Amino acid sequence: MFCSFFSDDFRVFCGDLGNEVTDEILTRTFSKYPSLLKAKVVRDKKTNKSKGYGFLSFKDPNDFVKAMREMNGKQCLCEVYVKDYVRLLQQHSCLKQDFG
C-alpha cells in the first residue's frame, strides 16, 4: 500500500474510520487542502471491509500542518479522526517547530 504513495510527501494517519468511509469520502473531507495528493482507506484483502484507519498524503508541508491543526481529534464526516502520526516529522525543520 505504501508503495502507491509518493516518496517526498507528508503523511497523516487517520483513525476511527467507519466501514462506510471510502477513499472518495476521505478525499472530499480533506479537499479544502490544495496539495492533498491522495487519501487511502486501508481495507482487509479478503473481505474488503475497512480496517478502521487510513492515510492522507500532502505535497505541501504547510497544508500538512494546517490539516493536522484543524482536523486533529475532530469528528467530521463519518467519524473521521486525524491522529498525530507523522512519517517525515524528524526530517523537516518547519514541522519540528510546530509538532516537535
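**Entry 1: the strands**

I looked up R11 first and found that this residue stands opposite S57 in β3, where a strand is a DSSP run of E with at least two residues, a helix is a DSSP run of H or I with at least four, and both are numbered from the N terminus. The model I am reading is predicted, so I kept in mind that local features need pLDDT of at least 70, that side-chain atom pairs count only at pLDDT 80 or more, and that totals for chains, interfaces and linings use all residues. Residues are numbered from 1 along each chain as its sequence is written, and side-chain values use heavy atoms, with hydrogens and water left out.

I then checked the strand pairs (DSSP must find at least two bridges between two strands). β1 and β3 pair in the antiparallel sense over six bridges, and β2 and β3 also run antiparallel, joined by six bridges. S57 in β3 is the bridge partner of K38. In the hairpin of β2 and β3, with six residues between the strands, I noted that N48 takes a positive phi near 65°.

**Entry 2: burial and the core**

I next asked how much of β3 is buried (under 20% relative accessible area, with exposed over 50% and partly exposed in between, for a 1.4 Å probe and protein chains only). Seven of its nine residues are buried, so β3 is largely enclosed by the rest of the structure.

I looked for the largest nonpolar core, meaning a set of buried Ala, Val, Leu, Ile, Met, Phe, Trp, Tyr and Cys residues joined through side-chain atoms within 4.5 Å. This core has 19 residues, and those with the most contacts inside it are L26, F30, L56, F58 and F64. The elements giving two or more residues to the core are β1, α1, β2, β3 and α2, and the largest share, five residues, comes from α2.

**Entry 3: salt bridges**

I searched the whole structure for salt bridges (a side-chain nitrogen of Lys or Arg within 4 Å of a carboxyl oxygen of Asp or Glu), and there are four. One of them joins the side chains of D8 and K59 at 2.7 Å, N to O. D8 lies in the segment before β1 and K59 in the loop between β3 and α2, so the pair ties together parts that are 51 residues apart in sequence. D8 is partly exposed, at 43%, and K59 is partly exposed, at 42%.

Returning to R11, I found its side chain in a salt bridge with D9 (2.9 Å, N to O), and both residues are buried.
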